[in-house]
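I opened this notebook to record what I looked up, entry by entry. I wanted to know what sits inside, what is left empty, and how the strands are arranged.

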Amino acid sequence: MLAGDRAGDRLVIGTVRRSGPWPAVLAVTALVGAAGELAVPYLVGRTVDALVLRRPDGSSWLALSACAVAAVVLCESLGVWARGACGAFAAARLRLGVLRHVLGAGPAATRRFPEGELVTRAGLNAEEAGRAPETVTGALALLVPTAGALVALTLIAPVLTLTLGVGIVVILLVLRAFLRATTVISGGYQEVQGEIAARLVDAMEGARTIAAAGTAAQEARRVLEPLPRLRAHGMSLWRANAGAAVQSGLVVPLLEVAVLIVGGFMLASGRLTVGELYAAARYAVLGASLSTSLGYVGGLARARAAAGRVAEIFELAPVAHGTRTLPPGRGTVEFRDVAVDGLTVGDLTLPGGSVTAVVGRSGAGKSLLAALAGRLTDPERGTVLLDGVPLRELSREELRRAIGYAFERPVLVGETVAEAITAAAGPPAVEAAKAACADAFVRRLPLGYGTPLREAPMSGGERQRIGLARAFAQGERLLVLDDATSSLDTVTEREVGRALTTDRRGRTRLIAAHRLATAARADQVVWLEGGRVRARGPHDVLWRDPAYRAVFQGATP
């Protein structure tokens, strides 16, 4: 078995174990229902014998038979309700675990899996894996009437047990092959689903570009290109299910006929009563009830395949944090022999309280250098330190308190505008908003800082200003701005730039910059080219180099 299959099976077992009381409820209803099904043939057989022989206890046996049938119906009804509740509980718990793990892994999650894949695995696949308790319990419950039927037939006539045993072995072999084949096919089906979802998410992110370019038809074809493979996997699932159903279904009538033939000879010789023959025929059908478990086995196969895909997310290593706090300092950042993912920084120092602009052509590594400084990624080699403490050794709370981060397209988190800036509403949020030139437009909202985010439609520039305000409010020693002013108009960008370069709190600022004015206002510029630091120094000194000027002019010197 492949490592992915083993991880998926472990996740299935863990899902069953951590599904609260519902697997126990399912097991009880299944066991009681199975016991009732086993009792019905015996009770009906005794009822038939009593009525045929006109014994006075016939009405008592009839009443017991009715009670057993009622118990079976009740257990089946409770089982349907419990299966729905169990699946919902398990899927919700699994989704929550996936979400926490993805957020704990940080950007590493989206570097390994496209966003659409993550959505599919946390959504559809988690839901299918959440059905594992239902399918496992249902499949195991079918073993109860099978085992009971073998015991009952042994008590009636051991030769009938041998006949039933041969049929059960055949059914088990069919189910085993079906489980293996369906797990593989379901995995392929789910993989194509994820691929389509990833393409769709990409298309939605570029919807305006697609509409402007008039390429909607071509993009639709690109998104739906994997559909033939999805159909092929679906047809394979159907064929596997149909083939297994035919093979296992043939066993039931053959077993019943075989038991009736053998039982008929025994009835003729006086070794069986009419009621015992009826019970034997019913027990043969119950013993072969494993043939009806294709639905459970198919569900288990889909759950295993889905769990394997979900388990790959849990294999992502969460970001580990230390326990250290920062000593007094001004936010000095040091890169010591740092390299990661094609970017070689080497040794680099951002003096405490200074403004450093990182410039370079697209793909030079500006965002990656910013991610290293804010510990959104860790170096493959070397160490990044803040005021002499390696970032890896800082506690999560200390790290996020010390460093404020602003992005090109920030995601605003919280119920209100104030909460999107800082958890402490009031003066801290207002002060940060003023520094980001966001106070004026926030006050124009219906409820000002108390306006719910869902009722505060904002332009790209306004969202960027709220993101900047959040960084100003959060970072106590270091502000990392990754192209966080790209959507601002010239006047606002100049005002924000002035706030950055005259920060009253004296924090260190690292700005991944595209605009000439930002680099000109910085204390030092780090110029990246080809995944390396080509030069660093004051902007006016670097400006003498034609190649540096070409970074902003967009042309080769």
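**Entry 1: a buried residue in a helix.** Before going further I noted the cut-off I needed: a residue counts as buried when its relative accessible area is under 20%, as exposed when it is over 50%, and as partly exposed in between. I also noted that the model is predicted. I then looked up Asn125, which has its place in helix H5, residues 115–130. Asn125 has a relative accessible area of 0%, and therefore it is buried. Leaving aside residues up to four places away in sequence, I found that Asn125 touches Thr120, Gln190, Ala306, Arg309 and Val310. I checked the distance to one of these partners, and the C-alpha atoms of Asn125 and Ala306 are separated by 4.8 Å, although the two residues are 181 residues apart along the chain.

**Entry 2: a residue in a loop.** Is Gly20 buried, partly exposed or exposed? I located Gly20 in the loop between helix H1 (3–17) and helix H2 (22–52), and its relative accessibility of 42% means that it counts as partly exposed. I also compared its position with that of Trp527: the two are 507 residues apart in sequence, and their C-alpha atoms are 56 Å apart in space.

**Entry 3: the largest nonpolar core.** I turned next to the nonpolar side chains, with the general point in mind that in soluble globular proteins such side chains tend to be buried together. The largest nonpolar core here has 44 residues, and Val417, Ile421, Val442, Ile466, Leu468 and Leu481 are those with the most contacts inside it. Helix H19, residues 460–474, gives the most to this core, with five residues. I followed the contacts of Val417, again without counting residues up to four places away in sequence, and it touches Val442, Leu445, Gly448, Tyr449, Thr451, Leu453, Ala456 and Ile466.

**Entry 4: strand S9 and its partners.** Which strands pair with S9, and in which sense? Strand S3 (residues 355–359) pairs with S9 in the parallel sense over four bridges, whereas strand S10 (residues 532–537) runs antiparallel to S9 and is joined to it by five bridges. I could place Val525 of S9 on both sides, since Ala357 stands opposite it and Gly537 is its bridge partner in S10. For Val526, the bridge partner in S10 is Arg536. Between the strands of the S9 and S10 hairpin there are two residues, and Gly530 takes a positive phi near 60 degrees in this hairpin. I then asked about burial and found that five of the six residues of S9 (residues 524–529) are buried, so the strand is largely enclosed by the rest of the structure.

**Entry 5: an enclosed helix.** I looked up helix H14 in the same way, and seven of its eight residues are buried, so H14 too is largely enclosed by the rest of the structure. The buried ones are Lys366, Leu368, Leu369, Ala370, Ala371, Leu372 and Ala373. Just after H14, I noted that Arg375 takes a positive phi of about 55 degrees.

**Entry 6: the largest pocket.** How much space lies in the largest pocket? I recorded about 2,000 Å³. There are 46 residues lining this pocket, and the closest to its centre are Gly106, Pro107, Leu376, Tyr405 and Phe407. Among the elements that give two or more residues to its lining are helix H3 (58–105), helix H4 (107–112), H14 and H19. I sorted the lining residues by class, and they divide into 20 nonpolar, 10 polar and 16 charged.

**Entry 7: the largest cavity.** I searched for cavities of 30 Å³ or more, and the structure holds one. About 70 Å³ of space lies in the largest cavity, and its lining residues include Leu481, Thr485, Glu493, Ile511 and Arg521. Helix H20 (490–501) and helix H21 (516–521) are the elements that give two or more residues to this lining, and H20 provides the largest share, five residues. By class, I noted four nonpolar, four polar and two charged residues in the lining of the largest cavity. Leu481 closes the entry, as I had met it before among the residues with the most contacts inside the largest nonpolar core.

Conventions:
Residues are numbered from 1 along each chain as its sequence is written. This is a predicted model: local features need pLDDT of at least 70, side-chain atom pairs count only at pLDDT 80 or more; totals for chains, interfaces and linings use all residues. Side-chain values use heavy atoms; hydrogens and water are left out. A nonpolar core is a set of buried Ala, Val, Leu, Ile, Met, Phe, Trp, Tyr and Cys residues joined through side-chain atoms within 4.5 Å. Buried means under 20% relative accessible area, exposed over 50%, partly exposed in between (1.4 Å probe, protein chains only). Contact means heavy atoms within 4.5 Å. Two strands pair if DSSP finds at least two bridges between them. On a 1 Å grid over the protein atoms alone, a cavity is a set of points where a 1.4 Å probe fits but cannot get out, and a pocket is an open set with protein on both sides within 12 Å along at least five of seven lines; lining residues have an atom within 4 Å of a point. Grid points are joined across faces, edges and corners, and a volume is the space filled by probe spheres set on the points. Ala, Val, Leu, Ile, Met, Phe, Trp, Tyr, Cys and Pro count as nonpolar, Asp, Glu, Lys and Arg as charged, and the others, Gly among them, as polar.
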